[in-house]
Amino acid sequence: MPPPVADVGALLRALIEDGVEFVVVGGVCAVMNGAPISTLDLDIVPDRSPDNVPRLMRSLDRLEAEYRDIAGRSLAPDAELIRGAGHNLFLTRSGPLDVLGEIGRGRDFAALHARSHVVDIGDGLEIRVLDLDALIEIKREVLRDKDRATLPILERTLEERRRTD
């Protein structure tokens, strides 16, 4: 049974090793931007280009990814679905991984890449992480219950960062 909490390092390492182009969003993004929150999964928005999707599929295969399915079926990742704008929610041997085609109001990899920065996660590995102000904008657009709960924390983190910069 996959772990209920993502091993973020293992997931990121697998994606990097396969050369997947992506931007980290969601809870891990918030944490990497200094926000004191917790999260159970890793959310990414990948480049959905013809060159990148096969690399992502290779990573998902190595991670033994299966769609989270309330009926308990074992469903392998589908490249056609990943090329779309929707959300692909997986369980992997390293925990939950959400591969999102777009977030907010149609923001895809290209839009998010322009509002992201590179973070060194150690061992010479670098990833792209959405900027905190962009994450706040997107959470305001979506405004789900969990977004309402975390927005004040994200806003205070951004205010504090601006004071110290």
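How many of the residues of strand 5 are buried? In this model, which is a predicted one, the count is six of six for strand 5, residues 95-100, so that strand can be described as mostly covered.

Let me stay with strand 5 for a moment and go through its partners. On one side there is strand 4, residues 87-92, which pairs with strand 5 in the antiparallel sense over six bridges, and within that pairing L91 has P96 of strand 5 as its bridge partner. The connection between strand 4 and strand 5 is a hairpin, with two residues leading from one strand into the other. Strand 5 also pairs with strand 2, residues 42-46, but here the two run parallel and are joined by three bridges, and L42 is the residue that stands opposite L97 of strand 5.

Just ahead of that, in the loop between helix 2, residues 26-32, and strand 2, we find T39. Is T39 buried, exposed or partly exposed? Its relative accessibility is 28%, which is why T39 counts as partly exposed. Once the neighbours within four places in sequence are set aside, T39 is in contact with V5, G27 and V28. As a distance for orientation, the C-alpha atoms of T39 and A76 lie 24 Å apart in space, with the two positions 37 residues apart in sequence numbering.

Now to strand 7, residues 125-130. Strand 6, residues 116-122, runs antiparallel to strand 7 and is joined to it by six bridges, and V118 stands opposite R128 in that pairing. The hairpin of strand 6 and strand 7 has two residues between the strands, and D123 takes a positive phi there, near 55°. With strand 1, residues 22-25, strand 7 runs parallel, and two bridges join the two strands; in this pairing V24 has V129 as its bridge partner.

The hairpin residue D123 comes up again when we turn to R13, a residue of helix 1. Not counting residues up to four places away in sequence, R13 touches D123 and L125. With 32% relative accessibility R13 counts as partly exposed, because that value falls between the limits of 20% for buried and 50% for exposed. The C-alpha atoms of R13 and M57 are separated by 15 Å, and the two residues are 44 residues apart along the chain.

That brings me to helix packing. Two packed helices are described by the angle between their axes and by the distance between those axes. For helix 1, residues 8-17, and helix 3, residues 52-62, the axes come within 9 Å and cross at roughly 140°. An angle over 145 degrees would be needed for roughly antiparallel, so helix 1 is oblique to helix 3. The crossing of helix 1 past helix 3 is right-handed, and the contact is made by A14, L15 and E17 from helix 1 together with L56, S59 and R62 from helix 3. By class, the residues of this contact divide into three nonpolar, one polar and two charged.

The second pair is helix 6, residues 132-142, and helix 7, residues 145-164. Their axes are 10 Å apart, and the packing angle is about 155°, and therefore helix 6 and helix 7 are roughly antiparallel to each other. The crossing of helix 6 past helix 7 is left-handed. Among the residues that meet are L132, L135, I136 and K139 from helix 6, and L151, L154, T157 and L158 from helix 7. Taken as a whole, the contact of helix 6 with helix 7 has seven nonpolar, two polar and seven charged residues.

Within helix 6 itself, the buried residues are L132, A134, L135, I136, I138 and K139, and these pack against helix 2, helix 5, strand 7 and helix 7. After helix 6 comes L143, with a positive phi near 50°.

I will end with T157 in helix 7. Why does T157 count as buried? Its relative accessibility is 12%, and because the cut-off for buried is under 20%, T157 falls in that class. Beyond its neighbours within four places in sequence, T157 is in contact with L132, and also with N33, G34, A35 and P36.

Note on methods: Residues are numbered from 1 along each chain as its sequence is written. This is a predicted model: local features need pLDDT of at least 70, side-chain atom pairs count only at pLDDT 80 or more; totals for chains, interfaces and linings use all residues. Side-chain values use heavy atoms; hydrogens and water are left out. Buried means under 20% relative accessible area, exposed over 50%, partly exposed in between (1.4 Å probe, protein chains only). Helices (H or I, at least four residues) and strands (E, at least two) are DSSP runs, numbered from the N terminus. Two strands pair if DSSP finds at least two bridges between them. Contact means heavy atoms within 4.5 Å. Axes are lines fitted to C-alpha atoms, for helices over the stretch in contact, and angles run from 0 to 180 degrees between N-to-C directions. Angles under 35 degrees count as roughly parallel, over 145 as roughly antiparallel, 65 to 115 as roughly perpendicular and the rest as oblique. A crossing is left-handed if the near helix is turned anticlockwise from the far one by less than a right angle, and right-handed if clockwise. Ala, Val, Leu, Ile, Met, Phe, Trp, Tyr, Cys and Pro count as nonpolar, Asp, Glu, Lys and Arg as charged, and the others, Gly among them, as polar.
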